[in-house]
Each structure stands twice: as structure tokens, then as C-alpha cells.
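Reader: Please take a single sheet from this model and go through it closely, strand by strand. Set it against the whole chain only at the end.

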Amino acid sequence: MVVELTQLNKLLANHPCFFDGAKLTRLSSIDSPVYALRRDSAEGKDSVLVLVNNDAENQQRLSLSPPDGTGGGVVGVPFSIKFDLLGQSLPELKQSDDGKVIFALKPGAAFCLSATDAPQGLNSDAYRIARAQAAWAVTALTRVLAVEEISSCDWRALAQLANLNPAGFLLSIFHLDRALARLDFPAALQKAAREKHFPQVVTWTLPEHKRITLVPPDHWLLIHDSAPFRAALNLNDGAPPQRVQSIQTRDGHVVCFAPRQTAADAELVLERYALTDQHLKTAVRYLAPLPVVSRSALGAPHVDDLVLLTNGIGGMARMCVDLGCVKSKYDCVLAANLHPSLPVDRHIFVKRVRVWVNADGFNSPLDGENLVAFDAGSPARWRFVANAGDGRSIEIHLTADMLPQRNTTVLHFHRPQSSPSSGKDLPEHCDVRLTVRVDVEDRNFHAETHRNGGAEHHFATNTRSMEDKIGFAFTPATDRQLRVFANGGCYHHAEEWCENIPHPVEQSRGQVGSGDAYSPGWFDLPLTKGASVTVVTTAEATDPADNELQIADHPSPITHLDDPFGQQLSRAARGFVVRRDSGKTIIAGYPWFLDWGRDSLICARGLLAAGMVGEVAQLLVTFARFEENGTLPNSIQGDNASNRDTSDAPLWFGVVCEEIAAVNGGRFYETVVDNRGRTMADVLRSIAVNYKNGTPNGIRLDTASALIWSPSHFTWMDTNFPACTPREGYPVEIQVLWIRLLRQLERLDVKPDGENWSTLARRAESSLTNFYWLEDHGYLADSLAATANQPACSSPQDNSLRSNHLLAVSLGLVTGERAQRCVEAALRYLVVPGALRSLAPLPVSPPLTIHSHDGRLLNNPTEPYCGRYEGDEDTRRKPAYHNGTAWTWTFPIFCEALVRAWDFSPAAVAAAKAYLGSTDRLVAEGCLGHLPEIVDGDTPHQQRGCDAQAWGATETLRVWKLLHNLPRSPQSPEQSNHLK
């Protein structure tokens with residue numbers, strides 16, 4: 001009977017007349033030996049007649065009414081019998097004189113009779129898939145709605161909605177018309193699905209397993225794959241794992257996880273039923289509505305973290321939280337700017353300070369092992385609890401800061417009067433003293449110190465104990481001197497060299513991995529209860545006065561006490577502002593950058609948000625004086641501003657002028673900037689006229705399109721030798737900034753040079769619309785690739801998905817549906833926690849070919865994405881720098897583009913705040929209180945590059961303030977002909 005049972009089981013499993021909801025009608029009498037049952041499917045598209053002769057020994061007959069001609073009836077044969085679905089020959093039947101159908105059934109016979117050999121309605125796997133879709137939909141509904149809010153609903157309608165657009169179905173749950181839902185739930189769902197709402201659904205697909213997926217509050221997480229799979233979401237907040245099995249939809253297989261309000265990290269584990277990648281693990285981060293800025297909330301200080309202190313003139317201290325530890329040649333206690341009026345390369349004088357506490361004869365270093373609390377400040381504060389033997393302990397506080405406008409770092413040690421936070425208090429009669437050694441170098445910032453005969457002679461002959469102070473002086477030259485002294489205790493001159501101090505950061509970059517340092521002696525500093533002692537390291541010609549040594553908290557330019565995140569960012573931003581002659585400029589980043597043109601001007605927008613209007617005005621005057629023939633400096637080396645390889649810095653100058661005028665008023669344009677009597681408006685006109693007619697460094701206007709042609713490596717993606725992102729041609733953000741400048745000049749009624757500014761602007765906007773939009777991709781081309789004198793109309797589109805096109809949205813040139821698609825593309829491929837990938841992991845056209853100096857191919861030209869920034873600079877780091885490495889400065893632009901694309905809807909603003917708040921961990925790790933320059937494009941997104949980057953902090957601050965200053969901030973004073 002195996003064959004028969006197989007056929008029967010197949011019938012029961014696949015035919016809709018045997019599914020739930022089927023209508024059953026008994027046609028035989030209770031005492032009849034033949035059991036006759038009519039089964040009609042729930043859809044009403046299928047019917048079968050089941051006949052069973054319960055007499056296993058005798059043939060039996062059954063008489064039933066014939067079909068009634070209407071396709072059915074309450075009783076009788078419901079159809080013309082043509083097939084037995086169990087694969088048998090039809091039973092013997094004939095029609096009586098009165099029209100009835102008489103069946104003759106052999107002993108024990110059983111039939112399932114039908115008019116068709118295959119079901120007409122939903123059946124087999126299609127039914128099971130639809131049922132699973134409906135169950136998925138109901139489960140999703142119950143994650144958001146109370147059971148009593150879900151009215152009766154045809155499961156097939158739910159299945160259809162889930163099948164066609166699962167993401168749209170999830171989104172529609174948030175936007176149901178509750179009154180309509182009570183009357184017609186499917187209609188309410190369909191109505192909500194047709195409406196345009198901010199998409200509160202994060203969709204994960206297989207290529208995204210190399211990044212941490214961010215999920216804002218009130219957002220669904222939808223997992224989509226081409227193959228069926230099982231998924232488990234393991235949260236780190238103690239919640240039990242969530243395990244689900246995928247359902248099949250029209251476009252693939254999906255599962256979903258319900259929205260959350262609280263932050264949590266999670267591991268998503270997939271078991272895929274595919275030939276490759278059968279077992280995958282990836283990271284998911286559920287975001288908090290607002291960033292967390294409290295270090296205690298994020299965890300104890302990590303000994304690998306750094307603290308940055310600056311002095312407003314280009315000097316710095318960059319100290320490890322693990323006091324005395326060194327990770328890089330740029331770590332230091334005092335790196336002085338020795339130029340009297342300009343920021344130049346910093347000079348390392350003090351590499352580190354090593355401190356030991358001797359408590360009643362028990363000696364312990366003050367380092368990460370006994371660190372119990374740390375606050376990056378500024379000033380920076382360490383709290384140590386050191387072992388004093390026999391269960392006793394001693395608490396020591398260290399406060400460190402740089403004095404404003406002075407190359408001086410002050411270290412203030414204090415022993416509190418109160419008992420230590422752990423261990424037994426040391427009796428007051430016990431002797432407590434600090435031993436402090438200062439390790440000295442005398443080198444350019446980018447070099448290393450190495451002990452040899454010459455170095456030994458140099459330090460020994462130029463170092464001496466001071467007669468008038470407790471300490472030593474290192475005086476190798478009249479303009480390069482260091483003094484280190486204390487206000488108590490004593491100093492013992494006893495030379496010591498530390499050799500091969502590891503520099504693991506440089507070693508990972510293929511550079512020299514260690515250095516040496518010289519310590520001329522040691523300080524013996526007694527500390528009774530409640531006492532303090534100060535150690536000063538200074539490269540100034542005069543010692544600071546006693547009142548200057550009083551360390552106090554640095555005020556934040558933002559005074560809103562309810563905005564700690566904004567306060568932290570504004571404190572970070574202020575640390576980059578330095579003097580340049582009588583004006584101001586911006587250090588692009590610590591530890592190694594100086595002041596750059598575009599960086600300073602982009603930073604200026606955030607400084608305005610921090611309330612530093614005066615500083616921005618001085619910065620603009622400084623750069624206005626640098627303007628020559630439409631050009632501005634790209635990078636400035638001291639007083640050398642000859643590097644003018646930038647097509648974006650002059651245009652960013654225009655944006656900042658526009659924004660400061662919105663704060664200070666239109667009279668700002670009348671500001672005289674130099675001894676030639678030029679005003680700000682004159683400088684803006686000079687930039688526009690020279691861009692139109694051609695600048696000495698090759699920037700020029702394509703007259704037909706009114707777009708700006710940019711030479712190779714002239715944008716912020718300026719890696720050169722090799723030129724890893726040349727972008728020669730018509731980069732998209734250059735056109736956006738150019739149009740903004742033209743519109744600004746039009747409003748100011750500045751005298752044109754030939755065509756009026758508005759005519760040029762309209763033609764450029766039209767070209768932006770016609771030449772850059774990639775309909776099949778849903779975003780703007782990154783550039784029109786063109787050699788010199790090649791018109792825009794004949795230049796191929798570069799379809800690389802980069803962050804640059806988002807400036808068209810954030811600056812108001814692209815709006816509506818196209819703006820939304822641009823942001824959605826960035827969300828899908830570029831967003832990582834706190835940063836934006838510089839290139840999506842997608843094929844590109846035209847190919848990007850990168851060769852080394854010796855001609856070797858360094859990348860895959862059609863797929864140039866590189867997710868790790870590490871290794872040798874020219875062959876590994878440079879090719880990755882703008883081709884996958886994620887940048888912090890562009891991430892706020894994405895958040896601004898997001899809210900503008902969705903017209904500042906509340907859901908979009910909430911999501912943007914959560915996304916921007918994901919920078920909180922970057923602020924709380926690495927160089928504490930600051931944002932790094934870059935992170936790896938691939939998980940775990942390790943911090944790389946410059947530890948503290950100016951435009952990352954200032955842009956995050958600017959957009960953070962924008963999101964909190966609603967109703968919305970205007971996109972631009974005037975906009976027209978947007979891409980929609």
C-alpha cells in the first residue's frame with residue numbers, strides 16, 4: 001500500500017479542498033454503508049466528492065442527485081465527474097430514470113472524484129508560502145499593534161501585501177488609518193502602503209555583512225536574501241535570542257525584527273540554504289534616540305585611549321590614558337609651535353612623563369593598572385588608587401592642561417584629604433612622595449630620536465639643573481629651549497636613556513617602529529594629605545606666572561546645559577582654532593596636520609553653529625587675503641601658501657560668506673580685507689570671474705554647460721602620487737558649490753563679467769539635471785570624466801557611488817523623490833557607525849585604475865572598493881583612502897541630506913538624530929572627546945588616520961544644532977530648478 005499511501009498523502013497535503021477553511025457537506029445518510037462527503041475549498045474554486053465503501057466484503061451502491069447546472073448545490077454531485085485524484089479508474093456509475101447518479105463501489109473502495117485533474121485555486125507550495133506570508137504579516141502586526149486593534153482580515157489579502165512589498169507592509173503598520181482599519185483592515189493597509197512616508201525600515205542584504213548595520217529607534221530590521229535561511233538575533237542587553245525562519249516573497253526570502261526604543265549591540269547569525277556563505281555572522285547596532293556622552297555610561301576608560309590638549313597657537317600635548325605609555329611617535333607631553341605668529345610643524349620636547357608613588361616604602365607606578373577614573377576634559381584628569389601594602393591604598397589625582405597661547409603643559413598632582421575610594425586609608429604619619437621622570441626629545445614632529453654618540457653628547461652638554469627653580473633646563477639653541485620645574489620637592493640630576501620605545505602605530509604603517517628618549521634626572525615630590533604639587537614643562541622664553549598655573553575647566557561656547565553632546569563637540573571644535581598673524585585659522589587635525597584651505601572653510605560652518613562668529617570672521621579675512629586670481633591655498637606650510645591645487649576651497653569660501661552674512665547681516669560683504677581696499681564681495685567676484693575665464697592652475701568653465709572643469713586631484717579626494725581618485729573632469733560637488741556662488745552673487749547684485757550670474761546659474765542647474773542623474777542607480781554621477789578642454793556634454797558619467805552627491809541634497813540643489821533616492825542609496829551602501837564610506841562596494845564605470853610608482857597594478861579597476869586602511873602608504877593606504885575608507889566629516893552631510901530629502905518630517909529628524917548620535921562611541925574612544933579622521937569601511941570599523949580631525953567635529957556640531965533648531969533651517973536663500 002506504499003504507492004496508495006503516497007498518493008493519498010500527496011493529495012491531502014496539496015489540494016485546497018483539504019486545507020483549513022474548506023466547507024464539508026455529508027451527502028450520504030448516517031446508516032448508509034457508503035460514506036459520501038462533498039468538500040468545497042475556502043476560495044470556492046475547487047470541489048471534490050469523497051466516496052468510501054465501508055463494507056470490505058460486498059459491493060455497495062449509492063444514489064446521488066446530479067449536478068444542478070449551476071456548478072454546485074447543497075446536496076448531490078457537485079460537478080461532472082471526470083477524474084479520480086487518487087489515480088484510479090473511475091467507479092462504475094450510471095444515471096437512473098429520475099436523473100440521479102448511481103455509483104457502484106467495490107468492497108472497501110475509496111475515491112476522491114473531481115471535475116479537473118489539477119486544483120484551480122491556491123494549492124501545494126503556493127498555499128504554504130501564502131500561509132507563511134500571512135503568518136509573518138500577523139506576527140509583524142502584533143509587534144506594533146495591540147491584538148484588539150487588529151480587526152478581522154482575510155489572510156490572503158495579508159499574504160499578498162507581504163509578498164509584493166514586505167518593507168512597504170512593515171512601514172504601513174506605522175501609518176494605519178485607525179478608523180478605516182476597524183472597518184476594513186486590508187483596505188487600511190493598502191491605503192497606508194500607497195502613501196509616501198519616511199522609510200522606517202532598515203533592509204539588510206548579504207553584501208552588508210562586512211559592516212555594522214545601524215537601526216534607529218522605531219525602525220524595523222528586514223533581512224532579505226536570495227536563498228531561504230534561518231536567522232538568530234543575539235542581543236547584548238540580556239534579552240533572549242530571537243530566532244526566525246525566512247518566508248518566500250516575490251523578490252526573495254525575508255525575516256524581520258521588531259522596532260526597538262533602547263540601544264543595544266547584537267550579533268545576527270544566518271544559516272543560509274545556499275551553495276556559498278552558508279553560515280554568516282554580522283553585527284547590528286540598535287541606536288539610542290540621543291547620543292550617550294557620559295564615559296561612565298559607555299564604560300571604564302580604556303588604557304589605549306588618548307587625550308589631546310591644545311594651546312591655541314598650534315602646540316599640543318597628546319598623552320595616553322595609560323600614563324607613561326607611548327603608542328606613537330606623535331605621543332607627547334609637550335609639542336611646541338616655535339614660530340612666533342604662524343602654525344608650523346610642531347617640535348617634540350617632552351615625549352612622556354613617568355610617575356611612581358612611594359607610599360610608606362611601597363612603590364607603585366601611576367599607570368593604567370591603578371587608574372580608577374579618567375576625564376578627558378579639558379583639562380584632563382586622572383584618578384589613581386595605588387597599592388600601599390597590607391591592604392592599604394593611596395589616592396592620587398593628576399590634572400593636565402596646556403596654557404592658552406603658550407607652549408606650556410602643566411601637570412598638577414594632588415592627594416585628597418578624604419580616604420581613598422578603595423582599600424584602607426594610609427595613616428597620616430606615613431611618608432608619601434612621587435618620583436617623576438620627564439623623557440626629553442629634540443626633534444621635528446615627523447622624525448624619531450635614536451641614541452648614538454652624537455645624541456648623547458647633544459643632550460648631555462645642553463642640559464643642566466636650574467639654580468633658581470627645582471628642575472632642569474635643556475637649551476640647545478637660543479630659539480629652542482625647554483625648562484621643566486616643580487613648585488616643591490627636589491630635583492636630582494641623574495641621566496637615563498630609554499631605548500627602543502615601541503611605536504606600534506607607525507610600525508603598522510610600514511614606518512620606523514620605535515624611538516629613544518633621554519631623561520636628565522628625577523623629581524622627588526612629597527605629598528601629605530590635602531597637599532598638591534605642580535610640574536611645569538615649557539618652551540616659552542618666560543616662565544608662567546603663578547596665577548597662570550591655576551587649572552580650570554575650559555568653557556564651552558555653547559551654554560545650553562541640556563545639550564551635553566553639543567557642548568562636547570564645541571569644546572573639541574575650539575581646540576582647532578589657532579592664530580595666524582593677527583587673524584585666525586584652523587588646524588585640520590591633530591597630531592600631524594596644519595591649516596588647510598578647504599578644511600578650514602568647511603570647519604567654519606560648524607564654528608558658526610558653536611557661536612564663534614568672531615573667529616569665523618577673522619578666518620574669512622585671513623583667507624580673503626590669500627585669494628589670487630580666483631585661487632586659495634590648498635595646504636599652508638607656515639608662511640608658504642603656494643600650494644593652490646584645490647578647486648573646492650574657493651567655492652567653500654563662498655558658502656561660509658553666505659552663512660556668516662545670514663548671522664551678521666549683509667554689511668559683512670563690505671568688510672575690507674587687505675591694503676588694496678578689496679571687500680569680501682570683491683573677493684567673491686574675483687573667484688567667480690576667474691573660474692569663468694580660467695584660473696592659473698587650470699580650473700575653467702565649460703561655456704556650453706556652465707559647469708566647472710577641475711584638474712586631477714583638486715577636490716578633497718586629493719590623494720596623489722599615485723593619484724588614487726583623480727576625479728579629473730566635472731566633479732558633482734564642485735558644480736553644486738559653483739551654482740551656490742553664482743546665486744549668491746546674483747542676490748548681492750555684484751557686477752557680472754559678460755553673462756549675468758543668474759543666466760549662468762540656470763544653465764549650470766539644467767546641466768546638473770541632464771548630465772548627472774543615473775535613473776537606473778537612483779543617485780547622481782560622482783563626476784563627468786573629462787580631460788582638459790573636453791566639453792561636459794561628451795564626457796562619460798562616473799557611476800561610482802560616493803558621498804559627494806549628497807552635497808547636492810544637503811545644499812538644496814536636489815529635492816523631492818530624487819533626493820530621497822540619493823539618501824536611500826547612501827543608507828544601503830555607505831553608512832557605517834559615525835562615518836560614511838568614500839566608495840560603495842559596487843562595480844564602477846569607467847574603471848578606476850591605480851598603478852604604483854613602478855607601474856604595478858594596485859587594485860581591481862572595476863571593483864576598486866577597499867575596506868581596510870592599513871599597511872604601506874603608497875601601495876595600500878593611499879588606494880584605500882578615498883575608495884572605501886569611511887570619513888567622519890561627510891557623515892553629518894548625509895544626516896542633513898536625510899532630513900532635507902524628507903522635508904524635515906518628524907520621523908526623518910528622529911532618525912537623523914539617532915544616526916548622528918552614533919558618533920558617540922567614536923568620541924568616547926581613541927582620542928577622547930574628538931572624532932577621528934577616518935575609520936575602516938569594513939567591520940569592526942577601526943579608527944584610522946588622524947586621531948582628532950577638525951571638520952569631523954565641526955560638521956557634526958553644525959548638523960546637530962540644525963536638527964535641534966526646528967522649525968527647519970532654510971536650505972539656501974534662493975533655489976530654483978531643483979532636480980526632483
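Author: Ala266 in β16 has Val284 in β17 as its bridge partner. Strands here are DSSP runs of E with at least two residues, helices are runs of H or I with at least four, and both are numbered from the N terminus. This is a predicted model, in which local features need pLDDT of at least 70 and side-chain atom pairs count only at pLDDT 80 or more, while totals for chains, interfaces and linings use all residues. Residues are numbered from 1 along each chain as its sequence is written, and side-chain values use heavy atoms, with hydrogens and water left out.

Strand β17 covers residues 279-286, and 8 bridges hold it antiparallel to β16. Two strands count as paired if DSSP finds at least two bridges between them. The hairpin of β16 and β17 has 6 residues between the strands, and Asp277 in this hairpin has a positive phi near 50°.

The two faces of β16, residues 264-272, differ in cover. Ala264, Ala266, Leu268, Leu270 and Arg272 make up the covered face, whereas Asp265, Glu267, Val269 and Glu271 lie on the uncovered one.

β16 also pairs with β12, again antiparallel, through 7 bridges. In that pairing Leu270 of β16 stands opposite Ala231. Ala231 also faces Val244 in β13. Strand β12 spans residues 229-235 and is joined to β13 by 4 bridges, with the two running antiparallel.

Together, 5 strands make an open sheet of mixed pairing, in the order β10-β17-β16-β12-β13. At its edges are β10 (213-215) and β13 (242-245), each paired on one side only. From one strand to the next the twist averages 25°, with axes as lines fitted to C-alpha atoms and angles running from 0 to 180 degrees between N-to-C directions.

As for the whole chain, the protein has 23 helices and 50 strands. Its C-alpha atoms fill a box of roughly 135 × 85 × 60 Å along the principal axes. Of its 980 residues, 57% count as buried, where buried means under 20% relative accessible area, exposed over 50% and partly exposed in between (1.4 Å probe, protein chains only). Among contacts (heavy atoms within 4.5 Å) between residues at least 6 apart in sequence, 66% join residues at least 24 apart.
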